[in-house]
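Here is a short briefing on one protein model. Keep the sequence and the 3D view at hand while you read.

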Amino acid sequence: NGGLIMDQQDGDTYNVRLNSTSAAAAAALNVTGNATLSHTDGDDQTIELNNNATFAISGNLTCTFSENDDVDQFFDIDGGTFSTGNNLIATVTGTGSDHELTIEVDGTGVFSVGNDLTINPQEGDDLEIVLNSNAGTGAQMSVGRDMIIDKDPDSDAAYMDLHESSVLTVGRDLIIRHSPDGDDELWLGLYDTPTLTVGGNMELSMDDGNDDGDDLGIDQDGGTIQVAGNFSMTRSNGDDFYWDQDGGTATVDGDYTVTSTNGEAIEITLDGSAQLTVAGQMTLNLVDSDDALLTLNENNGNGALLTIGADLYIDHTGTADDVEVLMNNSALLSTGGDFRWDHDAANGDYARVRLSDDAAGMNIAGDLTLGLLSGPDADDDLDYDQQGGTVTIGGSATFAHAGGDDLYAHVHNNSTFYVTGDLDFNHTGGDDFKFDQSSNNSWVYVDGDVNMTDANGGN
């Protein structure tokens with residue numbers, strides 16, 4: 001009864017092992033108050049559970065890892081249940097360059113936090129949270145309220161990998177803050193058939209990373225991602241951000257928003273039979289950034305689906321580089337609202353929508369508006385390039401050319417472009433403006449009116 005303090009200040013390894021040598025009876029360690037796990041010197045520190053052992057803490061667990069040498073603090077759950085009834089707070093400090101904090105759950109082990117899980121790596125080597133990476137299936141990790149990973153610049157990479165049929169459940173928000181400084185990745189990976197469920201919002205942010213390899217990403221090869229609230233990624237500096245989905249399904253019940261005001265590439269890729277469903281609005285807001293890609297089946301496979309319940313909005317301004325929306329094979333992009341793209345770049349950069357296959361498709365329930373605005377550079381282009389497939393616009397389609405260089409729209413090679421409302425061409429600035437329907441059984445259907453406005457001298 002009461003609290004438990006485990007304080008390692010020197011010596012060899014410090015291990016707490018339950019059922020490590022025998023499973024004849026289930027070992028149990030119950031703490032009715034709070035627990036503290038601290039490590040200031042000595043060798044590795046390990047909490048190990050096997051088989052059906054139980055380590056239960058009714059209150060809070062506070063972990064402080066301030067080692068100056070290259071050692072590890074390790075939660076090794078190979079079976080049984082490790083639980084805290086309230087919060088788990090883990091802080092990594094010290095001057096050691098290779099000391100790691102690892103939470104590893106294998107077999108059918110369970111790692112449970114009743115309220116908030118907060119991990120703050122300030123120094124040291126990698127942070128690793130891995131489920132079923134070594135053995136077994138069905139490992140579970142659950143957080144009753146918020147799960148927060150707040151990674152400081154002086155710590156190395158951080159990984160969250162879910163394998164087999166493992167399950168990670170977060171009752172409220174999953175918040176990942178990445179402040180890298182020198183080839184430090186932070187990623188969340190789903191492999192095989194795992195499940196990630198977030199009861200609130202999923203928020204990713206990157207700041208102050210200026211070196212190659214300072215990436216922040218989601219890598220889904222299978223399984224299921226379910227976010228009950230909004231998904232957001234905000235970057236003010238840093239290297240690449242990627243949502244790389246090679247299979248499985250991902251569902252966001254709210255909005256999906258990416259905001260980048262500096263940094264390297266943004267890549268949202270769906271390959272194979274991957275499915276991403278956003279119930280609300282999808283927004284890509286790109287200012288002073290490198291290239292951005294939204295691609296479906298450009299790398300491999302068939303049948304990728306991006307389904308957006310409301311609007312798809314792309315705002316491309318400042319010195320942001322090239323931005324492309326690409327669909328190939330039998331990929332399908334659908335919106336329940338409008339698709340609007342405002343291209344107002346300043347660096348000789350282009351914006352492109354391209355369908356590359358007869359089976360690719362785009363269904364826009366509302367209006368399609370592609371606008372090349374008043375970017376000051378003479379080489380800023382906007383290109384709609386339909387090389388096959390069917391595009392259906394439930395409202396009107398507008399190509400607006402108010403500045404920059406050229407706006408080209410091509411419908412060719414067995415393409416169908418169908419507009420329920422009006423088809424509008426507004427040429428009020430910039431250089432050449434061309435709409436080209438030609439070759440190989442291509443069709444443009446307009447149920448409404450075709451309107452052409454040329455206030456730029458007829459180019």
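Two strands count as paired if DSSP finds at least two bridges between them. That definition applies to β18, where the bridge partner of Gln140 is Val167. The model is predicted. The protein has 49 strands and zero helices.

**Overall picture**
- The protein has 459 residues, and 53% of them count as buried.
- Take the contacts with a separation of 6 or more: residues 24 or more positions apart account for 88% of them.
- The accessible surface comes to about 16,400 Å². Carbon and sulfur atoms hold 40% of that surface.

**Strand β10 and its partners**
- Strand β10 covers residues 88-92, and its side chains alternate.
- Leu88, Ala90 and Val92 point to one face and are buried.
- Ile89 and Thr91 point to the other face and are not buried.
- Strand β7 (residues 61-65) pairs with β10 in the parallel sense, over five bridges.
- In that region, Leu61 has Leu88 of β10 as its bridge partner.
- Strand β13 (residues 117-121) also runs parallel to β10, and five bridges join the two.
- Here Ile89 stands opposite Thr118 in β13.
- β10 therefore has a parallel pairing with β7 and another with β13, given that at least two bridges make a pair.

**Strand β18 and its partners**
- Strand β18 spans residues 167-170, again with alternating side chains.
- Leu168 and Val170 are buried and point to one face.
- Val167 and Thr169 point to the other face and are not buried.
- β18 pairs with strand β15 (residues 140-143) in the parallel sense, over four bridges.
- Val167, one of the residues that are not buried, is the bridge partner of Gln140.
- β18 also pairs with strand β21 (residues 195-198), parallel and over four bridges.
- Leu168, one of the buried residues, has Leu196 in β21 as its bridge partner.

**Thr398: buried or exposed?**
- Thr398 is found in strand β43, residues 397-402.
- Thr398 counts as buried because its relative accessibility is 15%, and buried means under 20%.
- Leaving out residues up to four places away in sequence, Thr398 touches Leu368, Thr369, Leu370, Asp424 and Asn426.

Technical notes
Residues numbered from 1 in each chain as written. Predicted model: local features only at pLDDT ≥ 70, side-chain atom pairs only at ≥ 80, totals over all residues. Heavy atoms only, no water. Buried < 20%, exposed > 50% of the residue type's maximum accessible area, 1.4 Å probe, protein only. Contact = heavy atoms within 4.5 Å. Areas by Shrake-Rupley, 256 points an atom, 1.4 Å probe, with all protein chains shown as cover.
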